Amino acid sequence: MWQLLRAQLWAQLWALLWALLWALWALLGALAALAAASRWSSGALQHHCKMALYTTCMGLVAFCMLPACLCRGKNVLNLRIASRLGRHTKRLIGITYTSLGGERMSGSGPCVIVSNHQSSLDFLGMMEFLPERGVLVAKREIMLYTGPFGLASYLCGTLFIDRRNPDRAKEAVAKFARSLRPQDLRLWMFPEGTRNHGNDLLPFKRGAFHLAVQGQVPIVPAVFSNYSSFYSKEKKIFKPGTITLTVLPPIPTAGLGASDVGPLADRVRDVMMDVLRAEADKSKED
Ligand SMILES: CCCCCCCCCCCCCC(=O)SCCNC(=O)CCNC(=O)[C@H](O)C(C)(C)COP(=O)(O)OP(=O)(O)OC[C@H]1O[C@@H](n2cnc3c(N)ncnc32)[C@H](O)[C@@H]1OP(=O)(O)O
Ligand SMILES: CCCCCCCC/C=C\CCCCCCCC(=O)OC[C@@H](O)COP(=O)(O)O
């Protein structure tokens, strides 16, 4: 009797899971079709469809990688799975990536990569260019409030920052800095600390630079080209377009201490601003 009940329960669970998967599949197909069709209709519809498609794909990737991640446990190698699966989403939403100096990402050994942050699309850029043993920094809310994505981000060894508690954030940074060299990590961080849609850079937070100095690893500055001409959350546009990541030569931190962090951050911000300015001048000429 009990065995029959258990078998029935399993059968129901499987049926539910299959129904869920089919529903998701149908949802993805519908969103992709709408995103493609909306090319000829209002920009806002296209924006919403593509964003929904992007978020659903990332959620789905997170969901699908969970069994493998749970078996391996918390490990930065799990992020490779997200990168290999997640990067194909670019085709569905019409984004092409190119890079200049991309070989510097993995070639520099353990390092802190700092890049500008224009929108949530940058997560896709990170998946595209993720170096070997890459690991990300994220606000704590991502782990707490994004379901399977949050759990996957935890299992990928992400460094979570509690922005409402800077002392705790600094402690987490100092602890992580000690593992950069021993674990051969390339930590990718947004020194602006939040999204910035403009064609400039916000003042830099200091965490990334303390991390590099404490861990005695170089800083690798990387600049996503400004894509506000084809993607804008405010203007509700999301047309096809190309994003270029320019990776600059590593800036060493060997021998630097806490008092050097300010000038180091200013220097890195300056070289990144130069890239954005040069790109803006070039697109004016074209
Ligand atoms: C498919 C699914 C898979 C899942 C994959 C993974 C998903 C991941 C998602 C990825 C997408 C993610 C998307 C996202 O989530 S984007 C948001 C990500 N957040 C960040 O990247 C955080 C950036 N913020 C910082 O780095 C801040 O500096 C922190 C938070 C650390 C401190 O905040 P605070 O407000 O305090 O910062 P301040 O910089 O104004 O500095 C103030 C003073 O403190 C000094 N100070 C600073 N730091 C340190 C330190 N460490 N040791 C000693 N001192 C330190 C500093 O020198 C200054 O002093 P002085 O110099 O003026 O005397
Ligand atoms: C079974 C699957 C069901 C699907 C459900 C979908 C759930 C997926 C949830 C989340 C996917 C999000 C993917 C994009 C991640 C990008 C993160 C990001 O860019 O966060 C913003 C942060 O930088 C700065 O935030 P603030 O502007 O400072 O505040």
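## Around ligand 1

Let's start with ligand 1, which has 28 residues around it in this predicted model. Lys139, Lys170, Arg206, Gly207 and His210 are the closest of them. By class, 17 of the surrounding residues are nonpolar, seven are polar and four are charged.

Several elements chip in to this shell. Helices H2, H3 (78–86), H8 (148–155), H9 (166–180) and H10 (207–215) each supply at least two residues, and so does strand S3 (134–139).

## Polar contacts and burial of ligand 1

Two of the contacts here go through the backbone. For arginine 206, a backbone N or O atom sits 2.5 Å from an oxygen atom of ligand 1. For lysine 139, a backbone N or O atom is 2.8 Å from an oxygen atom of the ligand. Lysine 170 uses its side chain instead, with an N or O atom 2.9 Å from a ligand 1 oxygen.

As for cover, the protein buries 77% of the 1300 Å² that ligand 1 exposes when taken alone. The space that ligand 1 takes up is the largest pocket.

## Around ligand 2

Now for the other ligand. Ligand 2 has 15 residues around it, and the ones that come nearest are His117, Lys139, Arg163, Thr194 and Arg195. Lys139 is a name we've met already, as it is also among the closest residues to ligand 1.

The shell around ligand 2 splits into six nonpolar, six polar and three charged residues. Helix H2 (residues 43–72) makes the largest contribution to that shell, with four residues. H2 also turns up in the shell around ligand 1, where it supplies at least two residues.

## Polar contacts and burial of ligand 2

Here the contacts to look at run through side chains. Threonine 194 places a side-chain N or O atom 2.5 Å from an oxygen atom of ligand 2, while for the side chain of arginine 195 the distance to a ligand oxygen is 2.7 Å. Lysine 139 has a side-chain N or O atom 2.8 Å from an oxygen of ligand 2, so to speak the other end of a residue whose backbone contacts ligand 1.

Ligand 2 has 780 Å² of accessible area on its own, and the protein covers 75% of it. The space taken by ligand 2 is, again, the largest pocket.

## How confident is the prediction?

The chain has a mean pLDDT of 92, with 97% of its residues at 70 or more. For the complex, the predictor gives an ipTM of 0.92 and a pTM of 0.89.

Methods: Residues are numbered from 1 along each chain as its sequence is written. Chains are lettered from A and ligands numbered from 1 in the order in which they are written. This is a predicted model: local features need pLDDT of at least 70, side-chain atom pairs count only at pLDDT 80 or more; totals for chains, interfaces and linings use all residues. Side-chain values use heavy atoms; hydrogens and water are left out. A residue is near a molecule or strand if one of its heavy atoms lies within 4 Å of it. A polar contact is a pair of N or O atoms within 3.5 Å; within protein, one must be able to donate a hydrogen and the other to accept it, and residues adjacent in sequence count only if both atoms are side-chain atoms. Accessible areas come from the Shrake-Rupley method with a 1.4 Å probe; for residues, only the protein chains shown count as cover. On a 1 Å grid over the protein atoms alone, a cavity is a set of points where a 1.4 Å probe fits but cannot get out, and a pocket is an open set with protein on both sides within 12 Å along at least five of seven lines; lining residues have an atom within 4 Å of a point. A molecule sits in a cavity or pocket if more than half of its atoms lie within 2 Å of its grid points. Ala, Val, Leu, Ile, Met, Phe, Trp, Tyr, Cys and Pro count as nonpolar, Asp, Glu, Lys and Arg as charged, and the others, Gly among them, as polar. pLDDT is the predictor's confidence in each residue, from 0 to 100.
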